[in-house]
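Please open the model in a viewer and keep the sequence panel visible. The tour below proceeds by selection, one region at a time.

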Amino acid sequence: MDLDAFFVEVCRQVHPELRDIELLVVGGRRDQRGVVQSASYGARKFGVRAGMPIAEAVRRCPGATFFQGAFPEYGRASRVVRTVLAEFSPVVVMASLDEAYLDFTGTDRLYPGSLLPVAEQIRDTVRARTGLDCSIGIGPNRMVAKLASDYAKPRGLMEVRDGWEEGFLAGLPLRALPGIGPRTAARLESLGLTEVAQVQQRTREDLERLIGDAAKGLKFRAHGHGGRTLRGQRATKSVSRETTLSKDATDLAYLERVLILLTARVAGQMRDEGISARTVTLKLRHGDFLTITRSRTFSAPTDLDHDLLTAARDLLRAAFPEVRRRGKGVRLLGVAATNLIESQAPDLFEAPERTRLRQLTTAVDEVRKRFGFDAAKPASLVRKPKGG
């Protein structure tokens, strides 16, 4: 199950002023250096795609509206969708916020002819409960099901039954297969391989002479083989936020203000999901794309902004002298919480200042849930009034 234009549609639901805008690109403002998260189907006709730099999207679709969405809103919508999916299958694995795998192994007696009827039910129920459209692909393994959902978009259903895999894949370009990115596709094209059918027709030995050890995996996927087992809902491995700055930054104070916002987003999501982190990691990308990461592990797990920010700010201050020495500025700043566990009840005998900090955090969370993230900001981010 793949939600159609998920980030765009969530933004339209939360921000009614966007609902009638046909050319909508979500991921950042037009003057930012981030990347596209999602584009409306109208904008996609101009060649705008997820992962494309914002600047390129502006060039391709100058008439589009560019909007910066909020991850907590995406997370809430995704969790509601998952609740719906769990009514249809006992095993639901969210591969991302907008994509899920459902296992119907052993349901032959319930659905003896085809899974298309239940797929239609899922699609219609997701729409009725969430207002979001989705496309569904049915296949004997994860790869085939995923490809079927890709080619069913938007709001379509496609079933590839067991034994039909090779015929379905034969008509696809090689770049459609998982693991075939732009560089690999270009390399294979230089060798005369552009279609899945061409790989199906060659022997493995022939392919090995062309591309070496990669032939085995490519041949395996081209004939429709893939993983069939789902292992239930996977625990969150990390919570992170990062931003590409509008221009390379050389001001440490400015970077620290950006870090405050990123850390607040991370900590807020952790509390929303009921998890705490043992480790915080800082990501810093210089203007020439040199990327460094620095980590710190806490003595006890935490989900508080104060703890994450203190550690992340120390890591930033330690890494920043190298930025100045190289004279490149900072292009991207990010923070991640890792080594996650389920949050525990606070210590009954914790220090009073810790209790006050936790109470303040809870109050801020309540304000943001009611009025939006920007309704409560740290004092250091509030501009001083003129004449004040």
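Which residues of helix 4 are buried? Select the helix, residues 71–85, in this predicted model, and colour Glu73, Tyr74, Gly75, Ala77, Ser78, Val81, Val84 and Leu85: these are its buried residues. Next, display what covers them. The cover includes strand 1 (2–3), helix 1 (6–14) and strand 2 (24–26), together with strand 5 (92–96), strand 6 (99–102) and helix 5 (116–130).

Helix 4 also permits a check of its length. It has 15 residues, which at 1.5 Å a residue should span 21 Å; the C-alpha atoms at its ends are 21 Å apart, so the expected and modelled spans agree.

Now show the whole protein chain. It contains 14 helices and 12 strands, and its C-alpha atoms fill a box of roughly 75 × 50 × 45 Å along the principal axes. Of its 388 residues, 43% count as buried. Among contacts with a separation of 6 or more, 62% are between residues 24 or more positions apart. Switch to a surface view: the chain exposes about 21200 Å², and carbon and sulfur atoms supply 51% of that area. Colouring by charge brings out 62 positive and 47 negative side chains, with the centres of the two sets 5 Å apart.

The interior comes next. Select Leu255, Leu259, Met270, Val280, Leu284, Leu316 and Leu333, the residues with the most contacts inside the largest nonpolar core, which has 33 residues. At least two residues of this core come from each of strand 9 (238–249), helix 12 (252–273), strand 10 (275–286), strand 11 (291–302), helix 13 (305–326) and strand 12 (330–342). A second, separate core has 30 residues, including Met1, Ala5, Leu85 and Met94. Leu85 has already appeared on this tour, as one of the buried residues of helix 4.

Return to the largest core and centre the view on leucine 259. Which residues does leucine 259 contact, leaving aside its neighbours within four places in sequence? They are Leu282, Leu309, Ala312, Arg313, Leu316, Leu333 and Val335.

The last stop is glycine 163, in the loop between strand 8 (157–159) and helix 7 (165–170). Is glycine 163 buried or exposed? Its relative accessibility is 62%, and it therefore counts as exposed. Finally, select glycine 224 as well: the two glycines are 61 residues apart along the chain, and their C-alpha atoms are separated by 9.1 Å.

Technical notes
Residues are numbered from 1 along each chain as its sequence is written. This is a predicted model: local features need pLDDT of at least 70, side-chain atom pairs count only at pLDDT 80 or more; totals for chains, interfaces and linings use all residues. Side-chain values use heavy atoms; hydrogens and water are left out. A nonpolar core is a set of buried Ala, Val, Leu, Ile, Met, Phe, Trp, Tyr and Cys residues joined through side-chain atoms within 4.5 Å. Buried means under 20% relative accessible area, exposed over 50%, partly exposed in between (1.4 Å probe, protein chains only). Helices (H or I, at least four residues) and strands (E, at least two) are DSSP runs, numbered from the N terminus. Contact means heavy atoms within 4.5 Å. The expected span of a helix is 1.5 Å times one less than its number of residues. Accessible areas come from the Shrake-Rupley method with a 1.4 Å probe; for residues, only the protein chains shown count as cover. Lys and Arg count as positive and Asp and Glu as negative; His and the chain ends are not counted. The place of a charge is taken as NZ of Lys, CZ of Arg, CG of Asp or CD of Glu.
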